[in-house]
Amino acid sequence: MSTVVKKVLTSVLSLGLVAGVSLSASAMEIKISHQWKANVDGRDRAARLFVKEVEKADPSIKFRIYPARSLGIKPVAQLDALQNGTLEMAIFPMSYAVGKAKEFSGVILPGAIPNLDVAMKLKRSAYQKEIQKLANANGIHIVTWWWTPGAFATKDTPVGGPETVKGQKLRAADPTFESMLKAAGASTAAMASTEIYPALQSGVLTGALTSAETFVSMRLYEQAKYSTVGGANSLWMLLQPLVMSKQHWDKLSAKQKKIFEDAADKSDAFFLTVQREATNKMADAWRKAGGTPREMTDQEYKDWMVLAKKTAYPEFEAISPTAKRILKALETSKAAK
């Protein structure tokens with residue numbers, strides 16, 4: 001091989017190596033953390049669909065999903081990691097952020113969003129924009145619009161109207177929800193959903209309110225005999241989206257943000273289908289375990305709403321001007337749909 005040819009080949013190889021380093025340096029790896037089982041829970045499955053769509057549109061972006069707390073970050077502590085940028089993304093129940101900003105109770109007010117149809121109609125509404133502003137002000141960006149309907153599960157007696165929770169020890173996932181339950185005569189305990197099973201098992205709780213999805217994926221039917229689901233009128237509905245650290249969101253190009261938003265739309269549609277099935281799956285799981293599921297009646301729901309309007313709603317509105325704007329935007333957006 002001539003000296004000239006060798007020099008040409010060396011130059012080509014060098015350029016290739018430099019290009020390879022450049023491509024490697026420009027590649028992006030994003031960690032997604034959450035607390036649920038892989039390939040079982042709908043939140044994990046929807047996240048995997050989101051990842052697939054983004055990676056298909058931009059192969060330079062790669063994701064690594066850490067389910068079941070496998071990244072070693074506790075569910076509530078994910079917010080700190082997102083805020084300081086050590087974690088890029090998480091599936092995050094937004095009520096977990098009330099310790100940082102009480103206004104996040106606006107995503108779980110009792111009966112405020114009675115069913116999935118209403119929840120999805122609020123996508124891109126004034127209410128959604130107010131919640132996004134709140135999230136951005138607290139260092140995170142809401143990527144998806146995932147709402148989970150929930151239910152009561154109790155060990156000893158079924159839940160109907162407010163009078164039926166008197167003397168119960170319940171987990172509700174939000175301070176304003178807790179104020180309503182306390183007014184009905186229950187005592188409450190705050191904890192992440194991963195702690196509900198042992199709390200029921202040990203007697204710390206006699207019941208809990210959480211998503212239908214969580215009841216099944218965490219096998220809570222093994223520790224509670226009764227369940228009361230909302231049917232068309234869910235008392236408990238929570239925004240549990242895929243969120244991104246604001247500092248990492250801001251680093252995305254306009255094209256990449258559009259790719260994320262398009263992938264989010266597809267995951268939202270999938271997640272909606274999964275959640276429509278979740279309540280039925282929850283009832284089936286209870287029956288198979290020998291438990292007793294029931295739907296909340298219209299009158300029971302109305303009785304709870306009367307109590308909520310005297311307790312949870314004024315308590316939330318009194319938090320701040322931001323809370324007032326969120327509640328007003330929610331009511332206006334619902335009326336406009």
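A polar contact here is a pair of N or O atoms within 3.5 Å, where one must be able to donate a hydrogen and the other to accept it. Keep that cut-off handy, since the tour gets to such a pair at R124 and D265. What you have open is a predicted model.

**Whole protein first**

Show the full cartoon and colour by pLDDT. The average is 91, and 92% of the residues score at least 70. Now select residues 4-25: here the pLDDT is below 50, and the stretch has 2 contacts in the model beyond near neighbours in sequence. I'd hide that segment for the rest of the tour.

Switch to secondary structure and you should find 13 helices and 12 strands. The C-alpha trace spans about 95 × 45 × 30 Å along its principal axes. Turn on a surface: about 14,800 Å² is exposed, with 55% of it coming from carbon and sulfur atoms. Of the 337 residues, 54% are buried. If you draw a contact map, look away from the diagonal: among contacts between residues at least 6 apart in sequence, 76% join residues at least 24 apart.

**Into the core**

Select M94, Y127, W147, F152, L235 and W304 as sticks. Within the largest nonpolar core, which has 64 residues, these touch the most other members. Elsewhere there is a second, separate core of 42 residues, and M89, V143, A153 and L200 are among its members.

Zoom in on Y127. Which residues does Y127 touch, not counting those up to four places away in sequence? The list runs G106, V107, I113, L122, W145, W147, I326, A329, L330 and S333.

Next, pick P241, in the loop between strand 10 and strand 11 (242-245). Is P241 buried or exposed? It is buried, because its relative accessible area is 0%, and buried means under 20%. Around P241, show A90, I91, F92, M94, I142, T144 and W146, which it touches once residues up to four places away in sequence are set aside. One of them, M94, you already have on screen from the largest core. For a distance label, try P241 to K37: they are 204 residues apart along the chain, with their C-alpha atoms separated by 16 Å.

**Helix 5 and its two ends**

Select residues 126-137. Helix 5 has 12 residues, so at 1.5 Å a residue it should span 16 Å; the end C-alpha atoms sit 17 Å apart, which agrees. Its buried residues are Y127, Q128, E130, I131, Q132, L134 and A135. They pack against strand 4 (140-142), strand 5 (147-154), strand 10 (237-239) and helix 13 (321-336).

At the N-terminal end, S125 acts as a cap, placing a side-chain oxygen 3.2 Å from the backbone nitrogen of Y127. Just past the other end, G139 has a positive phi of about 85°.

Step back to R124, in the loop between helix 4 (116-121) and helix 5. R124 is exposed, because its relative accessible area is 55% and exposed means over 50%. Leaving out neighbours within four places in sequence, R124 contacts K129 and D265. With D265, the side chains make a polar contact of 2.9 Å. Check the backbone too: R124 has a positive phi of about 65° without being a glycine. Most residues other than glycine have a negative phi. Draw a line from R124 to G139 as well: these two are 15 residues apart along the chain and their C-alpha atoms are 20 Å apart.

**Another positive phi**

Jump to A68, which lies in the loop between strand 2 (61-66) and helix 3 (78-83). A68 is not a glycine, yet its phi is positive, about 50°. It is partly exposed, with a relative accessible area of 47%.

**Last stop: helix 6**

Select residues 175-183. In helix 6 the buried residues are T176, F177, E178, S179, M180 and L181. What do they pack against? Show strand 5, strand 6 (169-171), strand 7 (187-188), strand 8 (207-211), helix 11 (298-310) and helix 12 (312-317). Strand 5 is also on the list for the buried residues of helix 5. End on G185, which follows helix 6 and has a positive phi, near 100°.

Conventions
Residues are numbered from 1 along each chain as its sequence is written. This is a predicted model: local features need pLDDT of at least 70, side-chain atom pairs count only at pLDDT 80 or more; totals for chains, interfaces and linings use all residues. Side-chain values use heavy atoms; hydrogens and water are left out. A nonpolar core is a set of buried Ala, Val, Leu, Ile, Met, Phe, Trp, Tyr and Cys residues joined through side-chain atoms within 4.5 Å. Buried means under 20% relative accessible area, exposed over 50%, partly exposed in between (1.4 Å probe, protein chains only). Contact means heavy atoms within 4.5 Å. Helices (H or I, at least four residues) and strands (E, at least two) are DSSP runs, numbered from the N terminus. The expected span of a helix is 1.5 Å times one less than its number of residues. Accessible areas come from the Shrake-Rupley method with a 1.4 Å probe; for residues, only the protein chains shown count as cover. pLDDT is the predictor's confidence in each residue, from 0 to 100.
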